[in-house]
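Work through the exercises below with the sequence and the coordinates open beside you. Each task is followed by a solution that proceeds step by step.

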Amino acid sequence: MFNKPTGIIYVDSLSSLFVTDKGNYRIRRIDINTQSVSTLAGKGSRAYNDGTNTTCGFDDLKGITYGFRNSEHHLWVADGTIIRDIKILNTTTFALSVSSILGGYGAFFGSDTIKGKDSIPIDKNTAIHPTD
């Protein structure tokens with residue numbers, strides 16, 4: 001069961017909806033074809049660490065976006081003041097790696113300051129453009 005879903009994105013090429021499930025500290029995947037819900041990433045308790053599907057931890061999930069970059073599928077999520085990169089390593093098993101790419105309160109990215117992201121705008125080249 002979802003607990004405070006805060007972001008959702010549909011990815012046609014993966015036949016999936018991805019949801020940031022803030023209250024459960026997880027990223028969920030809904031398979032459009034089977035209508036099944038599975039946990040894509042997260043321990044299920046508040047934590048902050050990079051890792052793989054079930055070894056990574058999230059703190060304050062908010063927005064989510066998708067991009068296909070360098071021949072790889074990526075989900076980027078706003079996790080408090082951090083932007084996390086979820087790289088989908090296998091589109092059959094949905095094995096993945098999670099790493100922090102930007103963040104910390106007041107962290108600078110170009111001329112932008114990251115302060116508790118609710119959304120993550122990207123351009124046509126999947127370049128991330130943090131906004132307040």
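**Exercise 1: the surroundings of a loop residue**

Leu-14 lies in the loop between β1 (5–11) and β2 (16–21). In this predicted model, decide whether Leu-14 is buried or exposed, and list the residues it touches beyond four places in sequence.

*Solution.* Begin with the accessibility: Leu-14 has a relative accessible area of 9%, and since buried means under 20%, Leu-14 counts as buried. Next, setting aside residues up to four places away in sequence, collect the contacts, which are Arg-29, Tyr-66, His-73, Ile-88, Thr-91 and Phe-94. Finally, a distance may be added for Asp-31, whose C-alpha is 8.5 Å from that of Leu-14, although 17 residues separate the two in sequence.

**Exercise 2: a histidine in contact with that loop**

Determine which strand holds His-73, and which side chain it meets in a polar contact of 2.5 Å.

*Solution.* First, place the residue: His-73 belongs to strand β7, which covers residues 72–79. Second, check its accessibility, which at 15% makes His-73 buried. Third, look for the polar partner, and the side chain of Tyr-66 is found joined to that of His-73 at 2.5 Å. Fourth, widen the view to contacts beyond four places in sequence, where His-73 meets Ser-13, Leu-14, Tyr-66, Gly-67, Phe-68, Ile-86, Lys-87, Ile-88 and Thr-91. Tyr-66 and His-73 thus both appear among the contacts of Leu-14.

**Exercise 3: charged pairs**

How many salt bridges does the model contain, and where in the chain do the partners Arg-46 and Asp-59 lie?

*Solution.* Side chains of opposite charge can pair when their charged atoms come close. Applying a cut-off of 4 Å between a side-chain nitrogen of Lys or Arg and a carboxyl oxygen of Asp or Glu, the count comes to eight salt bridges.

Take first Arg-46 and Asp-59, whose closest N and O atoms are 2.5 Å apart. Arg-46 sits in the loop between β4 (37–41) and β5 (51–52), while Asp-59 sits in the loop between β5 and β6 (61–69), so that the bridge links distant parts of the chain, 13 residues apart. Arg-46 is exposed at 53% relative accessible area, and Asp-59 is partly exposed at 30%.

Take next Arg-84 and Asp-50, with 3.2 Å between their closest N and O atoms. This bridge connects strand β8 (residues 82–88), which holds Arg-84, to the loop between β4 and β5, which holds Asp-50, across 34 residues. Here Arg-84 is buried at 0% relative accessibility, whereas Asp-50 is partly exposed at 38%.

A further salt bridge, with an N to O distance of 3.2 Å, joins Asp-21 and Arg-28, and both of these residues are buried. Lys-22, Asp-60 and Lys-62, lastly, are linked in a network.

**Exercise 4: the nonpolar core and the confidence**

Identify which elements give two or more residues to the largest nonpolar core, and find where pLDDT stays under 50.

*Solution.* The largest nonpolar core has 19 residues, and Phe-18, Ile-27, Phe-58, Leu-75 and Ile-86 have the most contacts inside it. The elements sought are β1, β4, β6, β7, β8 and β9 (96–103), with β6 giving the largest share, three residues.

As to confidence, the chain has a mean pLDDT of 81, and 77% of its residues reach 70 or more. The stretch sought is residues 105–116, where the model nevertheless has 24 contacts beyond four places in sequence.

How values were computed: Residues numbered from 1 in each chain as written. Predicted model: local features only at pLDDT ≥ 70, side-chain atom pairs only at ≥ 80, totals over all residues. Heavy atoms only, no water. Buried < 20%, exposed > 50% of the residue type's maximum accessible area, 1.4 Å probe, protein only. Helix = DSSP H or I, 4+ residues; strand = E, 2+ residues; numbered from the N terminus. pLDDT = per-residue confidence, 0-100. Contact = heavy atoms within 4.5 Å. Polar contact = N/O pair within 3.5 Å; in protein donor to acceptor, adjacent residues only side chain to side chain. Core = buried A, V, L, I, M, F, W, Y, C linked by side-chain atoms within 4.5 Å.
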